[in-house]
Amino acid sequence: MQNTLNQSILPYTAKVNDQNHLEIGGCDTVELVKKYGTPLYVYDEEGIRTCCKQFKDAFSAYEDVSILYASKAFMTRAICKIIKDECLGLDVVSGGEIYTAINSGFPMQKCYFNGNNKTPEELELALYCNIGRITVDNFYELDLLDKVAKNSDKTVDILLRITPGLDCHTHEYIKTGQVDSKFGFDLSQIDEAVYKIKNEYTNLSLKGLHAHIGSQIFEKNVYTDLIGILAEQYHAIYEKYEIQLAEMNLGGGIGVKHTEDEDPLSIYEMANVIIAAFRENIDKYGLGKLKLAIEPGRSIICNSGVTLYTAGSYKQVPDGRKYIAVDGGMSDNPRPSMYQAKYTAIIANKANDKAEETVTIAGRYCESGDILIQDINLPEISSGDIICIPATGAYNYSMASQYNRVPRPAAIVVHKGRSDVIIKREVYQDLIAFDVIPERLAKSGCSCI
Ligand code: LLP
């Protein structure tokens, strides 16, 4: 079966050029560093587009599919433009993501709004821009949304987020399908929620159920199980309330490869399993026409992004490890310290050199835990070398901080030899842009000088 981009660590267009430099999107990464500095997030536009096409192709075997890019993985207005061009929808989870989508000219009917504690203002904004669906997470929100909808004199198409009671094998912090989860309605609460939507809430129209069982998933059976569990609920809802639900949303979660040890399934394999289970359950429960919706985030963007760093100081522990420090770390990539995520690296200016030493790549932040990669075999590194960490396109910039008051890096897209900034590098002024010195402190003097 055809390989897909979530299965390859390096971006689609990555290659080593005549100068032994890593090239992405037809751009020499060493030249990119000269132009934009480091740390630098580099996104391969052709890779992102190809990945979107692979998703569409893989799921085209089913007649009615919505593929919604989970923008929390990495969102900028330029990314929204690319996603829009590729005819995907968006999964958004905050007023800020909605605002970004609107501002990029995204068709808001193709946006689905998720989240376990949306504020009244966010819900108002969602209704104001006629968002496609709101996925309601709990009883409190059903009540709130109905009120907001009444005030806006609108009827809202909703999904109910369900916790299906499925435990997938991923990191504890990115599991969401188990019973003890902060997200969604328990299976035992669906009946009451549907009853209320039908009998009490005048401005909510139930279109289907939604579940997201976790992220970085490598098994296919969890999706088959999930579809079975949801389909049974669709059947029960029809039997009891005569409501024929029109769509089923399976969330995101498809795994990607960051290191040689990871072996994710291809998008085609995932799609085949999902579509087969979908059809089987539609037949089994007589569910009629049913739209299939998915919300992949990481699997669309992760492997089209790399981070470039400059190697700086180093330290050899006597009879111990050799540490190489780079000019970034946990504030541009918090995943190793948060989830023990593993990465690999290449020296972009010595791309094809043979590995000669085992080093640990440390970040620059004041935390012992700020280690990007522990014990990796690399060619001999010197200060000034460019270290590329691939598969950092998802949940890196989107979770980046200004920890230690280090400005956040720039992000660029590369395409056919062109490079364009999509997020400007922050400068020191940005760090104090929202700092306020209250007047009484501005006036106070120091008595010790
Ligand atoms: N849909 C919903 C409702 C979600 O909560 C998520 C991710 C997705 C879709 C997209 O999942 P994906 O396809 O990207 O796995 N910061 C963590 C990941 C958190 C995922 C949160 N929800 C990390 O860096 O691993």
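Which side chain does K196 meet in a salt bridge? In this predicted model, the partner of K196 is E192, and the two side chains approach to 3.6 Å, N to O. Both residues belong to helix α7 (residues 190–199), where they stand four residues apart, about one turn of the helix. E192 is partly exposed, with a relative accessible area of 42%.

**Salt bridges across the chain**

Side chains of opposite charge can pair when their charged atoms come close. A search of the whole structure finds 26 salt bridges, and the table sets out three of them.

| Salt bridge | N to O distance |
|---|---|
| R49 and E86 | 2.9 Å |
| E63 and R279 | 3.1 Å |
| K196 and E192 | 3.6 Å |

Whereas the pair in α7 lies within one helix, the salt bridge between R49 and E86 links distant parts of the chain, with R49 in helix α2 and E86 in the loop between α3 (77–85) and β6 (89–92), 37 residues apart. R49 has a relative accessible area of 17% and is therefore buried, the cut-off being under 20%. E86, at 5% relative accessibility, also counts as buried. These two residues take part in a network of salt bridges that links E45, R49, K53, K56, D85 and E86.

The side chains of E63 and R279 form another salt bridge. Because E63 lies in the loop between α2 and β5 (65–70) and R279 in helix α9 (residues 267–285), the pair ties together parts that are 216 residues apart in sequence. With a relative accessibility of 62%, E63 counts as exposed, while R279, at 36%, counts as partly exposed.

**Helix α2**

The helix that carries R49 can be examined for its length and its surroundings. Helix α2 covers residues 45–59, and at 1.5 Å a residue its 15 residues should span 21 Å, which agrees with the 21 Å that separate its end C-alpha atoms. Of these 15 residues, 11 are buried, so α2 is largely enclosed by the rest of the structure. The buried residues include the charged-network members E45 and R49, and among the others are I48, C51, C52, F55 and F59.

**Two domains and their contact**

The domain assignment of the protein gives domain 1 (5–302) and domain 2 (308–398). Taken over C-alpha atoms, the centres of domain 1 and domain 2 are separated by 31 Å. The contact takes 27 residues from domain 1 and 31 residues from domain 2. Together, domain 1 and domain 2 bury about 2,600 Å² between them, with 63% of that area on carbon and sulfur atoms. On the side of domain 1, N20, Y41 and H258 supply 22% of the area buried against domain 2, more than any other three residues.

How many salt bridges, and how many residue pairs in polar contact, are counted between domain 1 and domain 2? The count of salt bridges is zero, whereas 13 residue pairs are in polar contact, with both residues at pLDDT 80 or more. The elements that give two or more residues to the side of domain 1 that touches domain 2 are α1 (29–36), β4 (40–44) and α10 (298–301). Of the elements on that side, β4 gives the most, with four residues.

Key. Residues are numbered from 1 along each chain as its sequence is written. This is a predicted model: local features need pLDDT of at least 70, side-chain atom pairs count only at pLDDT 80 or more; totals for chains, interfaces and linings use all residues. Side-chain values use heavy atoms; hydrogens and water are left out. The expected span of a helix is 1.5 Å times one less than its number of residues. Buried means under 20% relative accessible area, exposed over 50%, partly exposed in between (1.4 Å probe, protein chains only). Domain bounds come from an automatic or database domain assignment. Contact means heavy atoms within 4.5 Å. Buried area is the accessible area (1.4 Å probe) that two parts lose on being put together, summed over both. A salt bridge is a side-chain nitrogen of Lys or Arg within 4 Å of a carboxyl oxygen of Asp or Glu. A polar contact is a pair of N or O atoms within 3.5 Å; within protein, one must be able to donate a hydrogen and the other to accept it, and residues adjacent in sequence count only if both atoms are side-chain atoms.
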